[in-house]
Amino acid sequence: MADFARSTDPQVQAQLDRLSKLSPAGDRLGLERIRELLERLGRPQDHLPPVFHVAGTNGKGSTCAFLRAALEAAGHKVHAFTSPHLVRFNERIRVAGNLIQDEELAQLLTEVLDASGGIEPSFFEVATAVALVAFARSPADACILEVGLGGRLDSTNVVERPLVTAITNLALDHQQFLGKRLPGIAAEKAGIAKHGVPLVTQLYPPAVGGRIGDIAHDIGATWLPRGGVCDAIASAGKLHYRDEQVAIDLPLPRLPGRHQAMNAALAVAILRHQDALHVPTSALNASMGWADWPARLQHLAPGPLIGDREVWLDGGHNPSAARQVAAWARHAFSDGKPLHVVFASLASKDPPGMLQPFTGTAEFVHTVPVADHASFAPGELADVAGELGFPTQPHDSVEEALAAVPKDARVLIFGSLYLAGEVLAANGQIPD
């Protein structure tokens, strides 16, 4: 099954099954296939409303959620393409504010696959083409495109003149595609920069920021890093943002964690450095409470999987994300209640790097597999956790792991967005 996408709608599922047979497995970077496919589909990328294009390692989806919340609070209709989905393929494509409906999705998947003969597009290339065709055919005021992998060669990088481009936090991830050093990864992300278009970014170490600055200069993009003409700090219960024209005090985001405050600040800077869409301060204020992004330090509601125990869910899957989540946990969980981590990891990830930040914070680590994906066996992960000094136990499922957690403990489920989707589905919390 392509990217293990499944649907309860038989027509959608039939096309997803067809996609899994037509498309080679795995990620493939490059723009030749998507460009040819879009040519056959009438170049939908040329018929979009103003585009916000967002790359990065961590925080892309959250930044897109803040952008969408602010734009919608200002009264604008917004298309959004994000990835991956947690439970349903539909989550990737939001047309004028609403998740794409099954009937339209089935029709567009059919149309795109019919046009793809001889191209052999990847799963993500087909998803991108479906989204762009849907967006080109439905009126909206803005379009948000989240990069899937990298930037320069990502299939979303077909829009020739976006309104704004942006890069969120950078960290080591997908090294098999993007390289093993941060400056090289930064260069790949900066490949979305366009001549005459603002490139708004977070603040990076000099070697990383310098690489981005050089690329922006060579392309002719205006580079606007946090800490330069625009900056933000979170203190005294407020997000203090400033740029060359204004200083604004906003409420802290409802999404937990200091990293979310910085994602929100980046979204504010993105919106402040464009003049195609009016977004008043009142809409920026509203976005702090409106923005929602499932499986990012999400406090789960009581449900069939977790019962009524306290369970938090985060789909972070690299050491940088783990450091952010662990730092938040140390601050938020300072009441002495023990924390048990339920952990899984895809085989391509770094389990020691993801577990080490929880040293001194997690009392126990329960390890589980990621269903239907190439992942570390629970026993292997338990060995890693034990070597780091954690009491640990492997389990065959999240349900089994939760049953082993003492009733007086809180739980954090962490390590994989695919695992997060599995948990949300089992607990009856389907993202909408």
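Me: Which residues lie nearest the centre of the second largest pocket?
Reply: This is a predicted model, and its second largest pocket has a volume of about 660 Å³. The pocket is lined by 35 residues. Those nearest its centre are Arg68, Asp292, Trp293, Pro294 and Pro431.

Me: Which element gives the largest share of the lining of the second largest pocket?
Reply: At least two lining residues each come from helix H3 (60-73), strand S3 (93-95) and strand S12 (298-299). By class, the lining has 19 nonpolar, seven polar and nine charged residues. The largest share, six residues, comes from H3.

Me: Which helix gives the most to the largest nonpolar core?
Reply: Nonpolar side chains tend to be buried together in soluble globular proteins. The largest nonpolar core here has 42 residues, and Phe52, Leu71 and Leu239 touch the most other members. With ten residues, the helix that gives the most to this core is H9 (residues 258-272).

Me: How many residues are in the second, separate core?
Reply: This core includes Val12, Leu31, Leu48 and Val51. Its number of residues is 39.

Me: What do the buried residues of H15 pack against?
Reply: Helix H15 covers residues 417-426, and its buried residues are Leu417, Leu419, Ala420, Gly421, Val423 and Leu424. They pack against S12, strand S13 (311-314), helix H14 (398-404) and strand S17 (410-414).

Me: Which residue just after H15 takes a positive phi?
Reply: At the start of H15, a side-chain oxygen of Ser416 comes within 3.1 Å of the backbone nitrogen of Tyr418. Just after the helix, a positive phi of about 75 degrees is found at Gly428.

Technical notes. Residues numbered from 1 in each chain as written. Predicted model: local features only at pLDDT ≥ 70, side-chain atom pairs only at ≥ 80, totals over all residues. Heavy atoms only, no water. 1 Å grid on protein atoms, 1.4 Å probe; cavity = no way out; pocket = protein on both sides within 12 Å on 5 of 7 lines; lining within 4 Å. Points joined across faces, edges and corners; volume = space filled by probe spheres on them. Helix = DSSP H or I, 4+ residues; strand = E, 2+ residues; numbered from the N terminus. Nonpolar A, V, L, I, M, F, W, Y, C, P; charged D, E, K, R; others polar. Core = buried A, V, L, I, M, F, W, Y, C linked by side-chain atoms within 4.5 Å. Buried < 20%, exposed > 50% of the residue type's maximum accessible area, 1.4 Å probe, protein only. Contact = heavy atoms within 4.5 Å. Polar contact = N/O pair within 3.5 Å; in protein donor to acceptor, adjacent residues only side chain to side chain.
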